[in-house]
Amino acid sequence: MKFFKYLLLSLLTIFFCVFSSVIFDSSIFLTAAFAKSKVLYFPAVGTKPAFNQTQIFSLMQQSQALYERGVFTEAVQVLKKAADEFKATNNVLNEAIALTNLSLAYQQLGQWQQANEVISQTIKLLQSLEDSDSSQERSQVFAQALDVRGGLELAQGQTEVALSTWQSAAKIYQDLDDISALIRNHINQAQAMQAFGNYLQADHTLTSLRENLQKQADSPVKARGLYSLGNVLRSLGYLSDSHKILEESYSMAVQVGSAIDQSNTLLSLGNTARAQIYAQLSLGNSGSAKDYAQTAIQYYQQAVQIGVAIPTVRLQAQLNLLRLLVEQEEVSTAKALLPQIQSQIDNLPPSRTAVNYRINFAQSLSKMRQNSVEPKNVAKMLAQAVQMAKSLKDQRTESYALGILGELYEQTGQLSDAKSLTQQALVEAESIDAQDIAYQWHWQMGRILQKQSNIPAATDAYSRAYNALKSLRNDLVAINPDVQFSFRESIEPVYRQYVDLLLQLQENPIQKPDNLVQARQVIESLQLAELDNFFRSPCLVPRIDLDQLVEKEISTAVIYPIILDNRLEIITRLPGQDTIYRKTTKVPKDVLEKAVEQLQKDLPVASREPDVKQISKQLYDWLIKPIESDFANKGITSLVFVLDGSLRNIPMTILYDQQQQKYLIEKYAISLMPGLQLLAPKSLNNVQLNVLIAGVEQERLIEGKSFSELSNVTQELKQIQSSVKSSKQLLNQEFTKTNLQNKVQSTPFSVVHLATHGQFSSDIEQTYILTWDSLLKVRELDSLLRARGESRPETIELLVLSACKTATGDKRAALGLAGVAVRAGARSTLATLWTVDDESTSDFMGELYRQLDAGVTKSQALQRAQLAILAKENRPYFWAPYVLLGNWL
C-alpha cells in the first residue's frame with residue numbers, strides 16, 4: 001500500500017499517475033504481535049501470547065481487513081477500540097502496533113493532525129518501556145513506527161526531518177538484520193535525499209542498494225526489493241534504469257514461482273514504458289513513442305493473463321490497458337475490454353479502491369464519448385462512485401468523485417450542474433485541507449465561470465487555484481510529468497489561463513497596474529514550477545529581487561514575453577520608475593511557435609542565413625518593435641529577457657531590425673534570466689579571474705553515444721590561457737568527474753570553463769556534459785558544483801559550456817540549460833545552443849576573456865565578443881549560439 005499525501009490521486013489513476021511515494025511492503029499494515037499472520041510487515045513471529053486476548057486480536061484482524069479494502073473510517077473506529085483494550089490490559093507493545101496502524105488510517109483519510117498526534121503518542125509509549133523490557137519485538141515495532149513517522153514527515157514537506165527519522169530506523173533494522181525492511185527504508189531515504197536536492201547522495205544510495213540486492217540469494221524478498229527500487233527509479237525520472245531493474249525483478253519472480261509478484265512487476269513495466277511515451281513525445285520522437293506504446297500494451301496484456309487468479313491485479317491491468325488503448329485511438333480493442341471491466345467493477349464490495357476504479361473507468365469512458373459511449377452512462381457510474389464514497393464517509397474520495405462528475409457536466413455544457421457539483425467537491429476537499437485536489441476544483445470553477453462570462457469571479461477562482469499550487473510547491477515536485485496527470489496538462493494551464501484573465505481585466509497598460517505585477521509573478525511561479533518538475537525537487541530559493549537591481553541599473557530594461565493562445569503579451573520593466581508597461585501583439589500561439597521551431601532548425605545550419613534573417617525579422621516585429629520606442633527615451637543599452645515557452649530555445653541576439661538592418665546584439669547587450677530573482681549580483685570587475693578550463697578534443701563513444709572530434713578545443717583553451725592571468729587545465733584523459741570535482745573543491749576558481757560536447761533537453765536524463773570516460777548528468781554537475789559551497793565559501797562567478805547544443809526536436813530543450821543555470825550555484829552561466837567546431841569559437845572565447853579581464857560587465861563582454869566575430873563572419877551560425885543566463889553584471 002502506498003503511503004503519500006496524494007494517495008487518492010494515485011489510486012484514482014491506478015498506477016497511471018506515478019508519485020514519489022514512500023515505499024512500504026504491500027502488506028504495510030502492522031499485525032498485532034503474537035497473532036498468527038502471513039503478512040511480512042510484522043514484528044514478532046512464532047511467539048506465544050502473554051494474555052488471553054483472542055477478541056482483541058480479532059479486532060486487529062478486522063481492522064486490517066477494513067484497511068486493505070479501503071474502508072478507512074471504520075478501520076479507525078476498530079483500531080481505537082483495539083488500542084484501548086490493549087491499554088486496559090497493559091499490553092504496551094500491541095497498543096503501540098494498534099496506534100501505528102491508527103496513524104496510517106488517519107493519513108489515508110487526510111487527517112494529518114490526528115495522524116501526527118497518534119504516531120507521537122506511539123513513539124513516547126515505546127520509549128517509556130524500561131531497558132529490561134527491550135526485545136527484538138520492541139525494536140522491530142519501534143523501527144516500524146519511525147518508518148511511519150518518516151513517511152508522514154515527508155508527506156508534509158519536512159524532508160530533512162524525515163531523512164533523519166528514517167536513518168534512525170535503519171540503524172535498528174541493521175541490528176536486527178531485517179533485510180526486507182532495510183531495503184524499503186533505504187529507498188525511502190533516497191527519495192528524501194532527492195527531494196532535498198542531494199542527488200549524488202541519493203544516486204549513491206540507490207546504486208549501493210542495487211548492488212546489495214544483487215548479492216542476496218534468489219527469493220521473493222529480493223524480487224520485491226527490485227520491484228520497489230524499479231518503481232522509485234521511475235518516479236525519480238530514471239526510466240531506463242527503472243526498466244532494467246523491473247526486468248530483473250520479473251525474472252526473479254518467475255524463477256521463484258510467485259505469480260502475484262510477476263503480475264505486479266508486469267504492471268510496473270507497463271507503467272515505465274508508458275512514462276517513456278511522454279518522454280519521447282516531449283523530445284519530438286513520435287516513432288519511438290509509438291514503439292513504447294505497443295510495449296506498454298504488451299506488458300499490461302501479460303499482467304492480465306498472469307493475474308487471472310488475482311482479481312485486483314487483473315482489474316488494475318485492464319484499467320491501465322483501457323486508458324492506454326483509448327489514448328492510442330485503438331477503439332475496437334478498447335471496446336472489447338468494456339464488458340470485462342464492467343462486470344468486475346459491479347461485483348466489488350464498497351471500498352475506496354472500488355470508488356477509484358469506478359472513477360478511473362468513467363474517465364476512460366468519457367474520452368470514448370465520441371465513439372458511441374453515452375454521457376449518461378458515464379454520469380451514472382460517477383454518481384454511484386459519489387454515493388459509495390458518502391457511505392464510506394471518505395471525504396477525499398467523495399470530493400474527487402464529485403469533481404470528476406462536475407467536469408463531465410462542464411464538458412457537456414451543463415454549466416449550472418457542473419458549478420454545483422464543483423462547489424460540493426471544493427467543500428469536501430477544503431474541509432480536510434486537501435489542497436492537492438482543491439486546486440483542481442478551483443481551476444474547474446474558474447473555467448465554468450469564464451464560460452458563463454463572469455470574468456471577475458473566474459479570476460478570483462483562478463487566484464485560489466494558483467495560491468493552492470504555490471502552497472503545494474514542495475509536494476508538486478513528486479508528480480511525474482510524463483504520465484497521465486502531466487505537468488503540461490494539469491499544472492501549466494492553471495498559470496497561463498490565470499494570466500490571460502488578469503490581462504483581460506487590465507484596461508490601462510500604462511498606469512501602475514496591480515494585474516501586470518501579478519501576471520509577472522504568476523509567470524515566474526510557472527517557470528519555477530517547471531524547474532522543480534524538471535529536477536523532481538524544489539529549486540533553490542531565489543535571493544535578490546530583479547526589480548530592485550533594475551532600479552539601480554539605469555541603462556537596463558527587463559522584458560517579459562508571455563505566450564498565450566491568441567496573442568503575445570509583452571511586459572516591460574524600465575529603470576528608475578515604479579511602472580511597468582504592457583504591449584500586445586496579435587499573433588496566435590501556434591503561428592509564433594511554428595516560427596520559433598523553424599528558426600531553431602535553421603540556426604545550426606550555416607548556409608540558411610537568408611531563412612534565418614527572414615524569421616528573425618518577423619520575431620523582431622512581434623517582440624521588440626512594439627516596445628523599442630520606450631528604450632530610446634531612457635538611454636537603454638542592455639536588455640534582460642525573462643523568456644517564456646519555446647522562445648527560450650533561440651538566442652534573442654538574432655532578432656533582426658529590417659529598418660536599421662541590424663541584429664539586436666548590434667544595438668544592445670543581452671542576457672537572460674530564468675526568473676524575476678537571482679543570486680546576489682556581483683561584478684567581475686572586483687574579482688580576479690582564476691579559470692579552470694577543461695575539455696575533450698578527441699572522438700569518443702560513451703554509453704552508446706558517438707561524439708565527434710572537436711578539433712579546435714586545444715586552440716580554444718590556449719586562447720583562454722593567454723587572456724587571463726591564472727588558470728588550470730584538464731584536457732582529454734585528465735578531464736574526469738573525479739578530477740573535476742577535486743579541482744573545483746580545492747581551488748577558488750572564479751570561472752569554470754568546459755569545452756566539450758553537451759546536450760540540453762527537457763528530459764533530465766538527456767541533459768549531460770561529456771567527460772573523457774562518462775556522461776556528466778545535470779544532477780551530478782549540480783551536486784558537484786554545489787558541494788563546493790560546503791567546502792569553500794567562494795561562489796563560482798561564471799560557468800561556461802562552450803560546445804553544447806539543445807536536443808533536436810525538443811521544443812522545451814532550453815529547460816535543461818535553465819536547470820543547470822539555476823541549480824549549479826554559479827552567478828552566471830554562458831552556454832551555446834548549438835555546437836560550432838570552428839576557429840571562430842576559440843577567437844570568440846579569447847575575446848570574451850580579454851573583455852572580462854578588462855572589467856566590463858558579463859553581458860557587455862559577451863556583446864563585444866559576438867560583434868568581433870560578426871565583423872569577420874556575418875552568418876549567425878558562427879556568432880549567435882551564445883547565451884548568458886543569470887547575473888549580467
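Start by selecting strand β8, residues 669-672, in this predicted model. A669 and S671 point to one side of the strand, while I670 and L672 point to the opposite one. In a regular strand, side chains alternate between the two faces of the sheet. Here the residues on both sides of β8 are buried.

Next, add strand β5, residues 638-641, to the selection. β5 and β8 run parallel and are joined by four bridges. To find one of the pairings, show S638 together with A669, its bridge partner in β8.

Now turn to the cavities. The structure contains ten with a volume of 30 Å³ or more. Go to the second largest, which has a volume of about 150 Å³. To place it on screen, select R648, M673, P674, A818 and L885, the residues nearest its centre among the 14 that line it. Three elements give two or more residues to this lining: α25 (514-535), α33 (814-823) and β19 (882-886). Colour α33 separately, as this helix gives the most, with three residues. What is the division of the lining into nonpolar, polar and charged residues? Twelve are nonpolar, one is polar and one is charged.

For the last stop, select S351, in the loop between α15 (331-346) and α16 (352-367). Is S351 buried or exposed? S351 has a relative accessible area of 6%, under the 20% cut-off, so this residue counts as buried. Show R69, G70, V71, M388 and L392 as well: these are the residues in contact with S351 once its neighbours within four places in sequence are left aside.

Notes. Residues are numbered from 1 along each chain as its sequence is written. This is a predicted model: local features need pLDDT of at least 70, side-chain atom pairs count only at pLDDT 80 or more; totals for chains, interfaces and linings use all residues. Side-chain values use heavy atoms; hydrogens and water are left out. On a 1 Å grid over the protein atoms alone, a cavity is a set of points where a 1.4 Å probe fits but cannot get out, and a pocket is an open set with protein on both sides within 12 Å along at least five of seven lines; lining residues have an atom within 4 Å of a point. Grid points are joined across faces, edges and corners, and a volume is the space filled by probe spheres set on the points. Ala, Val, Leu, Ile, Met, Phe, Trp, Tyr, Cys and Pro count as nonpolar, Asp, Glu, Lys and Arg as charged, and the others, Gly among them, as polar. Buried means under 20% relative accessible area, exposed over 50%, partly exposed in between (1.4 Å probe, protein chains only). Two strands pair if DSSP finds at least two bridges between them. Contact means heavy atoms within 4.5 Å.
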